[in-house]
Amino acid sequence: MASCGKLFSVKEVILRALRQGGPVSGEALAKKAGISRTAVWKHILGLRRKGYQIESFPGAGYRLRSTSDVLLPEDIEVGGRWRVVFHREVGSTQEIARGLIRQGASEGTLVLAERQSEGKGRMGRSWASPPGGVWLSLILKPRFKPPETLRLPLLTGLAVAEAIRKAAGIETSLKWPNDVLLGGKKVGGVLCELDAETDRVNYVILGIGVNVNNELPEELKEMATSVKQELGRELSRAEIIRCLLIELESLYQRLEQEGFEPIREAWKERSSVLGLPVMVKSLDEVTQGEAMDIDLYGALLLRKPDGTQVKVIAGDVSLRMPQN
Ligand code: BT5
């Protein structure tokens with residue numbers, strides 16, 4: 001079996017079967033994995049040693065306790081440019097990544113945490129990061145010019161959307177510049193922090209947060225959701241992360257080789273706001289208009305009510321109800 005072009009190990013085949021719910025018999029697991037029942041039992045013991053809570057019911061089989069999604073760096077290795085640094089708990093993976101850069105970390109270093117106590121959003125906002133979600137930061141040292149980095153949150157949002165589609169079979173949409181939406185609610189966000197000089201980018205720390213199996217704080221429930229909430233069951237975070245890294249690698253390479261156009265087109269197909277009346281709040285102004293397009297740098301093009309066109313490079317977009 002394969003997902004995102006990667007073959008599953010026997011252990012993953014067993015976990016996938018158990019994640020469907022209900023006790024699964026040793027015989028059914030043996031058949032799915034193409035191994036003997038004794039080998040299934042040995043794999044179950046191995047998974048328990050890793051922290052998975054698997055119950056056995058004589059005569060019925062095995063059942064994975066919910067809230068038993070263990071995130072292990074070895075489950076995430078996908079090769080390519082990524083090297084995983086794993087932490088149980090950090091303030092923010094962005095800060096850990098920044099520290100690693102000071103120590104000389106190379107492009108492709110990926111900081112992953114089970115929980116963040118001070119997860120960061122854009123413009124000083126906070127990002128709720130309880131256990132069960134995907135909270136990670138990637139170090140990139142792109143060869144392009146500072147204005148072109150505006151493309152990265154869009155490219156990353158697209159990679160998150162593709163990863164969720166491949167790992168969970170769920171379609172999401174994208175809200176400029178950095179939101180991934182599920183049923184109109186925010187399921188993921190991207191934070192792109194860069195260190196640059198006038199004509200070159202020294203590094204980019206690309207922060208990605210996806211609500212997968214985590215609970216959400218009460219105050220966010222109106223506007224945010226998780227993959228688990230949509231699916232009605234837990235999903236392997238390792239699988240989502242693997243798909244995400246494979247998508248990112250392929251989109252990033254595409255950007256280097258073919259430019260932004262193919263990514264822009266794919267992004268536009270998933271856009272939740274193009275063609276609609278919107279309001280964009282940036283630090284010092286509010287702009288209203290129709291979201292027309294995104295340009296070749298990733299900026300949002302708005303047509304204002306007076307017919308003039310403006311280019312927006314940062315801000316929060318919300319849909320504006322048409323006035324009667
Ligand atoms: C973002 O900011 O959407 C970027 C989020 C990036 C988070 C990742 S996690 C790994 C890495 N390490 C970090 O410290 N950060 C990155 P923004 O567009 O500013 O959205 C922030 C707003 O989203 C908040 O003000 C809340 O309203 C809402 N929010 C907070 N936590 C959320 C969550 N878990 N799910 C959905 N919405 C959330």
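**Exercise 1. Find which element gives the most to the shell around the ligand, and place that element among the others.**

Solution. Let's start with the strand itself: β10 makes the top contribution to the ligand's shell, with four residues. Keep in mind as you work that the model is predicted.

Next, look at where the ligand sits: the space it takes is the largest pocket. Four elements give two or more residues to the shell, namely α4 (93-102), β7 (134-140), β10 (185-196) and β11 (201-210).

Finally, count the shell. The ligand is surrounded by 28 residues, with Ser92, Lys120, Arg125, Lys186 and Asn211 the closest. Sorted by class, they comprise eleven nonpolar, 13 polar and four charged residues.

**Exercise 2. Work out which ligand atom, nitrogen or oxygen, lies 2.8 Å from an N or O atom in the side chain of Arg125, then do the equivalent for Asn211 and Thr93.**

Solution. Take Arg125 to begin with: its side chain has an N or O atom 2.8 Å from an oxygen atom of the ligand. Turn to Asn211, where the ligand partner is a nitrogen atom, at 2.8 Å from a side-chain N or O atom. For Thr93, a ligand nitrogen atom is 2.9 Å from an N or O atom of the side chain.

Now step back to the surface. On its own the ligand has 800 Å² of accessible area, and the protein covers 92% of it.

**Exercise 3. Explain what the salt bridge between Glu247 and Lys166 ties together.**

Solution. Begin with the principle: side chains of opposite charge can pair when their charged atoms come close. Then check the distance: the side chains of Glu247 and Lys166 meet at 2.5 Å, N to O. Now locate the partners. Glu247 belongs to helix α7 (residues 237-258) and Lys166 to helix α5 (residues 151-168), so their pairing links parts 81 residues apart in sequence. This bridge belongs to a longer list, as the whole structure has 30 salt bridges.

**Exercise 4. Locate Met123 and Pro177, and describe the backbone at each residue.**

Solution. Recall the background: most residues other than glycine have a negative phi, and most peptide bonds are trans. Met123, in the loop between β6 (109-116) and β7, has a positive phi, near 50°. Pro177 is in the loop between β8 (173-175) and β9 (179-182). The peptide bond from Trp176 to Pro177 is cis, with omega near -5°.

How values were computed: Residues are numbered from 1 along each chain as its sequence is written. This is a predicted model: local features need pLDDT of at least 70, side-chain atom pairs count only at pLDDT 80 or more; totals for chains, interfaces and linings use all residues. Side-chain values use heavy atoms; hydrogens and water are left out. A residue is near a molecule or strand if one of its heavy atoms lies within 4 Å of it. A polar contact is a pair of N or O atoms within 3.5 Å; within protein, one must be able to donate a hydrogen and the other to accept it, and residues adjacent in sequence count only if both atoms are side-chain atoms. Accessible areas come from the Shrake-Rupley method with a 1.4 Å probe; for residues, only the protein chains shown count as cover. On a 1 Å grid over the protein atoms alone, a cavity is a set of points where a 1.4 Å probe fits but cannot get out, and a pocket is an open set with protein on both sides within 12 Å along at least five of seven lines; lining residues have an atom within 4 Å of a point. A molecule sits in a cavity or pocket if more than half of its atoms lie within 2 Å of its grid points. Ala, Val, Leu, Ile, Met, Phe, Trp, Tyr, Cys and Pro count as nonpolar, Asp, Glu, Lys and Arg as charged, and the others, Gly among them, as polar. A salt bridge is a side-chain nitrogen of Lys or Arg within 4 Å of a carboxyl oxygen of Asp or Glu.
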